[in-house]
Amino acid sequence: MLASPVMAQREDQGLQLGCANDYFRLCAGVDPNSDEAEACMTKNRKRLSPDCRKAIGVYDKKTGTKSFQDD
């Protein structure tokens, strides 16, 4: 992954709103400021909600990155 939506979530309101529920649902107990949080979200990318996927897509367009690729 080139960009880090988990780390950017602290500063990007779209990611905060779109992915917070997914983070708590899939990665509860993992420090959001850690590499483990990034690994958890990446591992669970197929289980991300449509809202989170959309927020990541908007983030990617805004930053010119490709965070999560569908397999």
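**Close-up views of a predicted four-helix chain**

**Figure 1. Val58 is found in helix H4.** Helices here are DSSP runs of H or I with at least four residues, strands are E runs of at least two, and both are numbered from the N terminus. The model is predicted, so local features need pLDDT of at least 70 and side-chain atom pairs pLDDT 80 or more, while totals for chains, interfaces and linings use all residues. Residues are numbered from 1 along each chain as its sequence is written, and side-chain values use heavy atoms, without hydrogens or water. Val58 is partly exposed, at 48% relative accessible area (buried is under 20%, exposed over 50%, partly exposed in between; 1.4 Å probe, protein chains only). Its partner in this view is Leu15, 43 residues apart in sequence. The two C-alpha atoms lie 8.7 Å apart.

**Figure 2. The whole chain has four helices and zero strands.** From the N terminus, the elements run α-α-α-α. The chain has 71 residues, and 41% of them count as buried. Its accessible surface comes to about 4600 Å² (Shrake-Rupley method, 1.4 Å probe; for residues, only the protein chains shown count as cover). Carbon and sulfur atoms hold 51% of that surface. Among contacts (heavy atoms within 4.5 Å) between residues at least 6 apart in sequence, 54% join residues at least 24 apart.

**Figure 3. The largest nonpolar core holds 13 residues.** Such a core is a set of buried Ala, Val, Leu, Ile, Met, Phe, Trp, Tyr and Cys residues joined through side-chain atoms within 4.5 Å. Leu15, Cys19, Cys27, Met41, Leu48, Cys52 and Ile56 touch the most other members. Helices H2 (13–27), H3 (35–43) and H4 (50–63) each supply at least two residues. H2 gives the largest share, five residues. In soluble globular proteins, nonpolar side chains tend to be buried together.

**Figure 4. Cys19 sits in helix H2.** Its relative accessible area is 2%, so Cys19 is buried. Asp51 lies 32 residues away along the chain. The C-alpha atoms of Cys19 and Asp51 are separated by 7.1 Å.

**Figure 5. Helix H3 has a buried side and an exposed one.** Ala37, Glu38, Cys40 and Met41 are buried. They cover an arc of only 160° around the axis, which puts them on the same side of H3. The arc is taken from the directions from the helix axis to the C-beta atoms. Asp35, Glu36 and Lys43 are exposed on the other side. An α-helix has 3.6 residues a turn, so residues three or four places apart point the same way.

**Figure 6. Tyr23 and Phe24 form an aromatic pair.** Rings of Phe, Tyr and Trp (its six-membered ring) pair if their centres lie within 6.5 Å; planes under 30 degrees apart are stacked, over 60 edge-to-face, and the rest tilted. One pair is counted by this rule. Tyr23 and Phe24 meet edge-to-face, 5.4 Å centre to centre, with 75° between the planes. Tyr23 is buried because its relative accessibility is 8%. Phe24 is exposed, at 56%.

**Figure 7. Asp12 lies in the loop between helix H1 (5–8) and H2.** At 10% relative accessibility, Asp12 is buried. A polar atom of its side chain lies 3.0 Å from the backbone nitrogen of Gly14. Leaving out residues up to four places away in sequence, Asp12 touches Tyr59 and Lys62.

**Figure 8. Ser49 lies in the loop between H3 and H4.** Ser49 counts as buried because its relative accessible area is 19%. Which residues does Ser49 touch, not counting those up to four places away in sequence? They are Gly18, Asp22 and Arg25.

How values were computed
A polar contact is a pair of N or O atoms within 3.5 Å; within protein, one must be able to donate a hydrogen and the other to accept it, and residues adjacent in sequence count only if both atoms are side-chain atoms.
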